[in-house]
Amino acid sequence: MKPQHYEAALLLADGHFSADAGSQPNAVSELWFEVHTENYFVQGGPRLRYLQEIADRFPLSFHGVAGSLGSFNEKPATITTSHLAQVSSLVKRFSPVLVSEHATWSTSQHAYFSDLLPLPRTQQALNCLCDGIDRYQEAIGRTILIENPTNYLDFISEMDEADFLMEAANRTGAGLLVDVNNLYLSYRNTALNPQQYLESLNPAKVGEIHIAGFDADPNFPDDLLIDSHGAPVDEAVWDLLETAISILGPKPVLLERDDNVPEFSELMTERNRAYSILMDSSRMAQQPQLAVTNAS
């Protein structure tokens, strides 16, 4: 959910359907929104007021980007404890349906890097990740979902990424957020096998799926894809979404867009495509309808 789309979302909630909104009334009841938790680390003002209005009308999900779950900390740094206190305050205030974070690292020796850096898949890194998940869950008083990273280099590792994340989830009680775009980029950048990856996951542990757009690196356009969230979802990612749902079963799907953000109606068109894929899979599995998502 982007600030420029607050009013459009509230219009949908109030029953103002239109062709421009790219939505149908029977699908809006399944609509939910996700926000980046850190964007609401404020004491008041219009941002929190709008978030409350959205939360009053739609299910809400919090998606963190600065938790740095995999950082090595013998003792949590001040930056970590302060961050968790703010997350906890927001979770208590808004009671989101889902809370998620990235299985990555962003801090070292009290310095913060504005990026989601993949972890080496070693036992030491696994222990650090589990410690970070435990701290996060203890701080907010509930379990979270952890998201697979985008890989740009192929690291020497002691275990496959799917097994690494499953072990972290099993040890901490956390669930998994499968970002299909990240998975596709990891496949293109490092030759990771998406089918094998998805089949290695326990579907019962998966609580959410993300889709997004990407861009080619301008310096290496044929060799490196960047998780930009700045373009429409690529057809290859749509195909992988269908594969993921066929393996994992119907899950809530979230469309992310963080750059070159288009009109709300354009996002709703992509959202409705994801909704149709989920509904088709639900009917095939003879399961009840599940919620589908909208823009991040």
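**Strand pairing, the largest pocket and selected residues**

Strand β2 (residues 60-63) and strand β3 run parallel and are joined by 3 bridges. The model is a predicted one, and this pair of strands serves as the starting point. Within the pairing, Phe 62 is the residue that stands opposite Val 99 of β3. Strand β3 also pairs with strand β6 (residues 145-147), again through 3 bridges and in parallel. Here His 102 has Glu 147 of β6 as its bridge partner. Strand β3 is thus joined to β2 and to β6.

Strand β3 spans residues 98-102 and is mostly covered, with 5 of its 5 residues buried. The residues point in two ways from the strand: Leu 98, Ser 100 and His 102 one way, Val 99 and Glu 101 the other, and all of them are buried. Val 99, opposite Phe 62, and His 102, the partner of Glu 147, therefore point in opposite ways from β3, and both count as buried because the relative accessible area of each is under 20%.

The next topic is the largest pocket. Its volume is about 570 Å³, and its lining consists of 23 residues. Those nearest the centre are Ser 114, Asp 115, Leu 116, Asp 227 and His 229. Strand β5 (residues 111-117) contributes the most to this lining, giving 5 residues. Sorted by class, the lining comprises 9 nonpolar, 8 polar and 6 charged residues.

His 229, one of the residues nearest the pocket centre, belongs to the loop between β10 (225-226) and α9 (235-248). Its backbone has a phi near 55°, a positive value in a residue other than glycine. His 229 has a relative accessible area of 9% and is therefore buried. Asn 260 also has a positive phi as a residue other than glycine, near 50°. Asn 260 is placed in the loop between β11 (253-255) and α10 (264-285). With a relative accessible area of 54%, Asn 260 is exposed, whereas His 229 is buried.

A further loop residue is Thr 122, located between β5 and α5 (123-140). Thr 122 has a relative accessible area of 18%, so it is classed as buried. Leaving aside residues up to four places away in sequence, Thr 122 touches Glu 158, Met 159 and Phe 164. The C-alpha atom of Thr 122 is 9.7 Å from that of Asp 160, which lies 38 residues away along the chain.

The cysteines remain to be considered. The structure holds 0 disulfides. Cys 128 takes part in none, and the nearest cysteine sulfur, that of Cys 130, is 9.5 Å away. Because a disulfide requires two cysteine sulfur atoms within 2.5 Å, the sulfur of Cys 130, at 9.5 Å from the closest one in Cys 128, is too far for a bond. Both residues are nevertheless buried: Cys 128 has a relative accessible area of 12%, and Cys 130 has a relative accessibility of 3%.

Notes
Residues are numbered from 1 along each chain as its sequence is written. This is a predicted model: local features need pLDDT of at least 70, side-chain atom pairs count only at pLDDT 80 or more; totals for chains, interfaces and linings use all residues. Side-chain values use heavy atoms; hydrogens and water are left out. Buried means under 20% relative accessible area, exposed over 50%, partly exposed in between (1.4 Å probe, protein chains only). On a 1 Å grid over the protein atoms alone, a cavity is a set of points where a 1.4 Å probe fits but cannot get out, and a pocket is an open set with protein on both sides within 12 Å along at least five of seven lines; lining residues have an atom within 4 Å of a point. Grid points are joined across faces, edges and corners, and a volume is the space filled by probe spheres set on the points. Helices (H or I, at least four residues) and strands (E, at least two) are DSSP runs, numbered from the N terminus. Ala, Val, Leu, Ile, Met, Phe, Trp, Tyr, Cys and Pro count as nonpolar, Asp, Glu, Lys and Arg as charged, and the others, Gly among them, as polar. Two strands pair if DSSP finds at least two bridges between them. Contact means heavy atoms within 4.5 Å.
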